[in-house]
Amino acid sequence: MGLSDNSMGVLLAVASSAFIGSSFILKKKGLKRAGANGTRAGVGGYTYLLEPLWWAGMVTMITGEVANFVAYVYAPAVLVTPLGALSIIISAVLAHFMLKERIQKMGIVGCVSCIVGSVIIVIHAPQEHTPNSVQEIWTLATQPAFLIYVAAALSIVLALVLHFEPHYGQTNILVYLGICSLMGSLTVVSIKAIGIAIKLTLEGISQLAYPQTWFFFTVAAICVITQLNYLNKALDTFNAAIVSPVYYVMFTTLTIIASAIMFKDWSGQDISSIASEICGFITVLSGTIILHSTREQEPPPPVGTVTWYISGDSIKSPEDDHLITIHSSSYYEP
């Protein structure tokens, strides 16, 4: 007996998470190697394009995205999307063993909070109507509400790129990932239009003659290139165990918002579902803050530690001298 459509969708979604979670680690290792031999991606370098390990991560990520795309053909979004959280766990475990990136206990709590919050949002997200043609999607994409979202998203991206990146890009993870996530929400809409066009064309109803099809192709290409560029900067600058969950949370949240605005599915929600979504957003926000704060925490120096470097009558470097260290604060009492 063959697998059911839902079972096939689940298998593809799990495989997608495994590929995507692994790709973060491969790309991170490639970026480290490239940074050791040239200009780091975090400061505008592109030497990673010559690093085979980075390309292995790219191929792995593309494979995962393709598997995720096909999963939506077999299973509903409410079943497939939450499984994307598995990529967070996979990348965190691999980062622990392969990159020696330790995540603190509170970081684990933040990671779990992000996953739980994202799952709550997806489970209670409104069901979207599947368009039957590219022209129908174009009609939805040009409605005033969605045009306002697009204008707001692009305005925020421009502000992040032109103002916040030069000042805070190296210290605040939300700058790079904010750009990735906002552009990613627009990518999903374009990819959905492209998928419908391909499906209809294979069924004998060609969509290639419509200019809207090629417009969505162009938008998707621009958004994907922008996402990859800033995702590389985020991975090169911040801990991979932090980048993965924060990116997942922001991307999932903005994608749900964009889809809800475009397809007008919020009107069918009851109070219980709306309340659950709000709780999910609060949980996600809390988890993101916890994850970001644990990255910034530094272990404080021991209280009452004094070090002398003694060599006869002069003070010299520790390489040449005896090291005497006093840890007890009682030595400072008069």
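What follows looks at a set of helices in a predicted model, the pocket they line, and one helix pair beside that topic.

The UniProt record, an unreviewed entry, puts the feature "transmembrane region" at residues 6–26, 46–63, 69–94, 106–125, 145–162, 174–202, 214–231 and 238–262. Two of these spans are worth a closer look here. Residues 145–162 come out as 100% helix and 0% strand, with the end C-alpha atoms 26 Å apart. The span 174–202 is likewise 100% helix with 0% strand, and its end C-alpha atoms lie 40 Å apart.

Now for the empty space. Rolling a probe the size of a water molecule over the atoms shows where such space is left. The second largest pocket comes to about 300 Å³ in volume. Its lining is made up of 17 residues, and those closest to the centre are Val150, Leu186, Ser190, Phe215 and Val219. Four elements put two or more residues into this lining: α6 (134–141), α7 (144–168), α8 (173–202) and α9 (211–237). Of these, α9 gives the most, with 6 residues. As for chemistry, the lining of the second largest pocket holds 14 nonpolar residues and 3 polar ones, with no charged residues in the mix.

Two of the lining elements, α6 and α9, also pack against each other. A pair of packed helices is described by the angle between their axes and the distance between the axes. For α6 and α9, the angle is about 65 degrees and the axes are 9 Å apart. The crossing of this pair is left-handed. On the α6 side, Val134, Gln135, Ile137, Trp138 and Ala141 take part, meeting Gln212, Thr213, Phe215 and Phe216 in α9. Sorted by class, the residues of this contact are 6 nonpolar and 3 polar, with no charged ones. Phe215 turns up twice in the picture: this residue of α9 meets α6, and Phe215 is also among the residues closest to the centre of the second largest pocket.

Note on methods:
Residues are numbered from 1 along each chain as its sequence is written. This is a predicted model: local features need pLDDT of at least 70, side-chain atom pairs count only at pLDDT 80 or more; totals for chains, interfaces and linings use all residues. Side-chain values use heavy atoms; hydrogens and water are left out. UniProt positions are given in the numbering used here, feature names are shortened, and annotations may be inferred rather than shown by experiment. On a 1 Å grid over the protein atoms alone, a cavity is a set of points where a 1.4 Å probe fits but cannot get out, and a pocket is an open set with protein on both sides within 12 Å along at least five of seven lines; lining residues have an atom within 4 Å of a point. Grid points are joined across faces, edges and corners, and a volume is the space filled by probe spheres set on the points. Ala, Val, Leu, Ile, Met, Phe, Trp, Tyr, Cys and Pro count as nonpolar, Asp, Glu, Lys and Arg as charged, and the others, Gly among them, as polar. Axes are lines fitted to C-alpha atoms, for helices over the stretch in contact, and angles run from 0 to 180 degrees between N-to-C directions. A crossing is left-handed if the near helix is turned anticlockwise from the far one by less than a right angle, and right-handed if clockwise. Contact means heavy atoms within 4.5 Å.
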